[in-house]
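Here's a quick briefing to read alongside the structure. It's kept short and sorted by topic.

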Amino acid sequence: MLKFFLLYLFLNNIIFSQSDVKELPPDKGVEFKLNSLSGKVFDESTNEPVEDVNIELYTGNKVLKHALLTNQMGFFTKDNIGYLWKPRIQLSLENYKMKTIPLLPQFLDSLGNIYLENSIEPLPENERVPPL
């Protein structure tokens with residue numbers, strides 16, 4: 001009798017395993033699937049692209065999910081991100097003011113991607129860190 005019970009549990013586990021569970025979008029609009037995030041960062045005063053800006057992607061509970069840098073042309077990109085709850089990005093670079101931008105579902109294109117162009121404001125001369 002015990003063998004049949006253990007066989008039943010074993011087969012039940014195999015048949016109804018959760019390995020093929022599909023990700024379902026949430027009922028509310030606070031969480032959504034983001035396939036890729038890309039964009040460009042400009043200097044607010046000169047309108048020139050800014051290199052090496054730290055782009056940090058956070059969830060609503062302040063968990064850092066991804067971090068990347070802009071290239072020489074001010075571009076950044078990250079693919080295969082997944083579901084995020086109330087996501088936001090934070091732009092930071094020495095001698096610039098930190099900027100936080102919420103990522104909203106209405107920013108998504110038809111393929112689930114977000115492209116952003118943002119500027120960051122340089123600090124006033126008297127607040128800048130002098131170069132070494």
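What follows covers one sheet and two residues of this predicted model.

The sheet is an open one of four strands, ordered β3-β2-β5-β6. Away from the sheet order itself, the two residues picked out here are Asn-113, which sits in strand β7, and Glu-94, which sits in a loop.

**The four-stranded sheet**
- Pairing in the sheet β3-β2-β5-β6 is antiparallel.
- At the edges you'll find β3 (64-69) and β6 (99-102), each of which pairs on one side only.
- On average, neighbouring strands here are turned by 20° against each other, if you ignore direction.
- Strand β2 (residues 54-58) runs antiparallel to β3, and five bridges join the two.
- To pick out one bridge, look at Glu-56, whose partner in β3 is Ala-67.

**Asn-113**
- Asn-113 belongs to strand β7, which spans residues 113-120.
- Its relative accessibility is 19%, so Asn-113 counts as buried, the cut-off being under 20%.
- The Asn-113 side chain makes a polar contact with the side chain of Ser-36, at 2.9 Å.
- Leaving out residues up to four places away in sequence, Asn-113 touches Leu-34, Asn-35, Ser-36, Phe-107 and Leu-108.

**Glu-94**
- Glu-94 lies in the loop between β5 (88-92) and β6.
- Glu-94 counts as exposed because its relative accessibility is 52%, and the cut-off for that is over 50%.
- Glu-94 and Arg-128 are 34 residues apart in sequence, with 8.0 Å between their C-alpha atoms.

How values were computed
Residues are numbered from 1 along each chain as its sequence is written. This is a predicted model: local features need pLDDT of at least 70, side-chain atom pairs count only at pLDDT 80 or more; totals for chains, interfaces and linings use all residues. Side-chain values use heavy atoms; hydrogens and water are left out. Buried means under 20% relative accessible area, exposed over 50%, partly exposed in between (1.4 Å probe, protein chains only). A polar contact is a pair of N or O atoms within 3.5 Å; within protein, one must be able to donate a hydrogen and the other to accept it, and residues adjacent in sequence count only if both atoms are side-chain atoms. Contact means heavy atoms within 4.5 Å. Two strands pair if DSSP finds at least two bridges between them. Axes are lines fitted to C-alpha atoms, for helices over the stretch in contact, and angles run from 0 to 180 degrees between N-to-C directions.
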